[in-house]
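Here's a predicted model to pick over, question by question. Have a look at the fold, then let's talk it through.

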Amino acid sequence: MRLPLRHPPHGRDAPLRRCAYLEALAEHARGLALGPAADLVTPRGSRGRFGSALQWHFGLEPHDGLDRLDWEDRIELKLVSVWRARDGLACDKLKVCDLTIDPWHKLGNVLWVFADRLTRVVVGHRFTRFAGPMRERLEAAWSVDPHFDKPQLFVEAREQEQRQAPAYYLSAAWFRAEGLLPRELAGVLPFDSRWWSSVRTGGRDPLVTLWRGEAQGELMCPRCGGPIRADHERLGREGWAPAVHAMPFGERCGLRGHFAVAASHLALGPGEPGRAELEAALQGLLGPDQVERLADHVVEPDDHLH
């Protein structure tokens, strides 16, 4: 159910905020698999768990629903899940904040971090400031009908913990209209939502096996060594394919769904820094004590250029 906007627009450009340390973190985040950190810092199946994982990697305490901005109360972090569609990259609508919080403040300065919807690997980022024609176009949502005019910013209520939880959302069309989604990004794969829903067991995501061009019948599970069966033609064409883990299988693998990803379609190429860590994290080969925080490996500059 859609509701009217509660907060009127400010009618002025947001001041530019930047931070050299945040920019460095964003640059180093490409190729970061968010799954291990999500398992470490959030309950299984919780909403926003991958966004919380991103916050943790950036050195923040994972949180949701606060009225202050994520980074020093100056810049908001937003994780955008993307997939490859016929005409470029696509995404879903995105929650801005709860209805009690001013969405225009939240959108003032934003770091948008893009992650592949299937693998949950960071594939790119973009900074925006809420100013100029972009601000004026979105502020038009204040004066249109939320039901019939399809505004780019809207309030929607959905069930959450057996109660109505109204929140502000940006439409998927807004990202396209403002040119925020690149045409292509390395590491972005097609996404089959129907298959994904059918293969998740007990709220647990399916496990990944990387395919490096093995012949049919030679692909093996990296976790237990059992055989993995997948459509290799589809792997070569689309970069991924649903998979079946045949007998024998280990304790972790037996009750989980599976899919294979072509190693050639990862966000980081062979030999790039972080490639080995990406492969291990993506295939679930890291124990909880092996999950390292990105912020621990990025040097904080003396001058943040505020």
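Q: Which helix holds Glu139?
A: We're working from a predicted model here. In it, residues 132-139 form one helix, with Glu139 among its buried residues. That helix is α5.

Q: Is Glu139 buried or exposed?
A: The cut-off for buried is under 20% relative accessible area. Glu139 has 13% relative accessibility, so this residue counts as buried.

Q: Which residues does Glu139 touch, leaving out those up to four places away in sequence?
A: Start with the helix: Glu139 sits in α5. With residues up to four places away in sequence not counted, its contacts are Pro9, His10, Gly11, Arg12, Trp104 and Phe130.

Q: How many degrees of arc do the buried residues of α5 cover around the axis?
A: The buried set in α5 is Gly132, Met134, Arg135, Leu138 and Glu139. They lie on the same side of α5, because the arc they cover around the axis is only 155°.

Q: Which residues touch the most other members of the largest nonpolar core?
A: As a general point, nonpolar side chains in soluble globular proteins tend to be buried together. Here the largest nonpolar core has 52 residues, and the ones touching the most other members are Trp112, Leu153, Leu170 and Phe175.

Q: Which residue of α5 does Leu170 touch?
A: Not counting residues up to four places away in sequence, Leu170 has contacts including Trp112, Leu153 and Phe175. Another of its contacts lies among the buried residues of α5. That one is Leu138.

Q: How many disulfides are there?
A: A disulfide needs cysteine sulfur atoms within 2.5 Å. For Cys97, the closest cysteine sulfur belongs to Cys91 and is 17 Å away, so that's too far for a bond. Cys97 is buried at a relative accessible area of 5%, and Cys19 is buried at 1%. The disulfide count is zero.

Q: Which strands stand at the edges of the four-stranded sheet?
A: The sheet is open, with mixed pairing and the order β9-β12-β11-β10. Its twist averages 40° from one strand to the next. Two strands have a single partner each, so one side of each is left without a neighbour in the sheet. Those are β9 (207-211) and β10 (228-230).

Q: Which residue in β11 is the bridge partner of Ala230?
A: β10 pairs with β11 (residues 240-245) in the antiparallel sense, over three bridges. In β11, the partner of Ala230 is Ala243.

Terms used
Residues are numbered from 1 along each chain as its sequence is written. This is a predicted model: local features need pLDDT of at least 70, side-chain atom pairs count only at pLDDT 80 or more; totals for chains, interfaces and linings use all residues. Side-chain values use heavy atoms; hydrogens and water are left out. Buried means under 20% relative accessible area, exposed over 50%, partly exposed in between (1.4 Å probe, protein chains only). The arc is that of the directions from the helix axis to the C-beta atoms. Contact means heavy atoms within 4.5 Å. A nonpolar core is a set of buried Ala, Val, Leu, Ile, Met, Phe, Trp, Tyr and Cys residues joined through side-chain atoms within 4.5 Å. Two strands pair if DSSP finds at least two bridges between them. Axes are lines fitted to C-alpha atoms, for helices over the stretch in contact, and angles run from 0 to 180 degrees between N-to-C directions.
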